[in-house]
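Please look over the structure shown here before reading on. The report that follows takes up its backbone, a pair of linked cysteines, one asparagine and a pair of helices.

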Amino acid sequence: MSARPRLAVLLAAVTAFAAVLVPGASAHTAPKVPRTAVLDGTRLQQTRIRLDHGDPRLRAALGDLTARADAWLDQGPWTVVDKPRPAPGGDVHDYLSQAPYWWPTQPRTADNPWGCPYEQRDGQRNPEVDTGTDRQDVEKVFDSTYDLALAWYYTGRKQYAQKAAQVLRTWFLDPATRMNPELDHGQFIPCRYDGRAIGIIDFSQSYTGVLDAIAVLNTGAPGWSEADRSGMHDWNVAFRTWLTDGSFGKEEGAAENNHGTFYDMQLAALAYATGDEALARRTVLDARARRIDPQIAADGSQPQELARTRSWHYSTFDLVAYTRLAAIGRHVGVDLWSYRGPEDQSLVKAVDFLLPASTGAAAWPYPELEFHRYAASDVVHAAADAGDARARKAVRLLEAPPGGDLWALRPAAEQLDSIAG
């Protein structure tokens, strides 16, 4: 037998063996590495291969993920154009949300339909903000596309990818239903402001999940076309430009608390996702002196967040932004976890500050209207993955969030006790 036929027989044997080892596998179906901004694409690929080989340690997490994805299949799609009234200015394609901690002080009348003036009650969410605006729907867009794209990547079930594509097209791309790529009317306060810079956090706290969902779909998802891919790229470039050049973006970028951290994280992710790696790298590098030094104390506490009525929530919330920013830094050659400030401040210390309460070893001694121990689980996972020995020991003591611990399948911190604000 010549060398060529022998080679053909060998390749056929390898393919047949792979098909037995991994049902449905063939020589050309190895999962692609998605160019994700926060998630580690290579790690996703390795996890997918482990799942294909039937790794029992991932079975429970996959069941939790697919249960979430299944629940989205008969929901949506959602659009900014179907709210009861448009944002100030009258364009139905403009995003609108209302400040969550502001409440009316007067009875509503024909002459004062909002009950103005409004007053702030920090940490107390006004239920009216969940009706009549886009806030609830956009959260569903973010969460559903993330869950569905990951569920498709790990299972290959086309209905997940097709649903994610439908949700994204409806909210961002279809001319009849698309959202304008700006946030001029985020967190408005009736009778006071038509929109505020801090409304940017409506997107920055979760939009990186959409960027990663798009990157996952870009690996060849059924129902996700080149036109969809190009359209989302253009939308993200326009949104990034609005963030960097507009007055609201500049104001939010100057914020000295979690709003500034989330702005940096969102900008770095958008820059990386749209091909401007220099901007992404510069943003992560600048966060060392601009964010970590003034926001994290020598003992690892975050004084501005401890001053809030939801001090546990906001301490974990700010670290969600930091740990995602550190993940983006990994893609552009910046190790944010190893940084030490002039008073030895660091992300490791900030996470370690939460370990006694996150493991149940001690009560949280600061103000908190609604303590959920599991809120810190993801940031502890992130620190453990980054090499923090104390966090590694703490992982087995963490409280799983509602819906299960998905860290093994989506190793990027989420705000697990999410409240908008």
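Helices and strands are here runs assigned by DSSP, with at least four residues for a helix and at least two for a strand, and they are numbered from the N terminus. In these terms P117 is found in the loop between β1 and β2, the latter spanning 118-120. The model is a predicted one, and every value below is computed from it.

**Backbone features**

The peptide bond that leads from C116 into P117 is cis, with omega near 5°. Another cis peptide bond runs from G76 to P77, where omega is near 0°, and P77 is found in the loop between α3 (59-72) and β1 (102-104).

Two residues other than glycine have a positive phi, and the table sets out their values.

| Residue | Phi | Relative accessible area |
|---|---|---|
| Q187 | near 50° | 3% |
| D344 | about 70° | 37% |

Q187 is found in the loop between α5 (158-173) and α6 (201-204), and with its relative accessible area of 3% this glutamine is buried. D344 has its place in the loop between α13 (311-331) and α14 (347-352), and at 37% this aspartate is partly exposed, since the partly exposed class lies between the limits of 20% and 50%.

**The disulfide**

How many disulfides does the structure hold? It holds one, and this bond joins C116 to C191 with an S to S distance of 2.0 Å. C116 lies in the loop between β1 and β2, while C191 lies in the loop between α5 and α6, so the bond ties together parts of the chain that are 75 residues apart in sequence. The torsion about the S-S bond is about 75°, and the disulfide is therefore right-handed. As for accessibility, C116 has a relative value of 11% and counts as buried, whereas C191, at 59%, counts as exposed. C116 is also the residue from which the cis peptide bond to P117 starts, and the loop between α5 and α6 that holds C191 is where Q187 is found as well.

**The surroundings of N126**

Is N126 buried or exposed? With a relative accessibility of 3%, N126 counts as buried, because the buried class takes in values under 20%. This asparagine lies in the loop between β2 and α4 (135-155), and its side chain reaches the backbone oxygen of W102 at 3.0 Å. Leaving aside neighbours within four places in sequence, N126 is in contact with Q98, P100, W102, W103, P104 and Y118. W102 is thus named both for its backbone oxygen, reached by the N126 side chain, and among the contacts of N126.

**The packing of α3 and α4**

Two packed helices are described by the angle between their axes and by the distance between those axes. The axes of α3 and α4 come within 9 Å and cross at roughly 125°, which makes α3 oblique to α4. The crossing in which α3 passes α4 is left-handed. Which residues of the two helices meet? From α3 the residues are L62, L65, T66, R68, A69 and W72, and they meet K140, D143, S144, D147, L148, L150, A151, Y154 and T155 in α4.

Notes
Residues numbered from 1 in each chain as written. Predicted model: local features only at pLDDT ≥ 70, side-chain atom pairs only at ≥ 80, totals over all residues. Heavy atoms only, no water. Buried < 20%, exposed > 50% of the residue type's maximum accessible area, 1.4 Å probe, protein only. Disulfide = S-S within 2.5 Å. Polar contact = N/O pair within 3.5 Å; in protein donor to acceptor, adjacent residues only side chain to side chain. Contact = heavy atoms within 4.5 Å. Axes fitted to C-alpha atoms, helices over the stretch in contact; angles between N-to-C directions. Parallel < 35°, antiparallel > 145°, perpendicular 65-115°, else oblique. Left-handed = near helix turned anticlockwise from the far one by under 90°.
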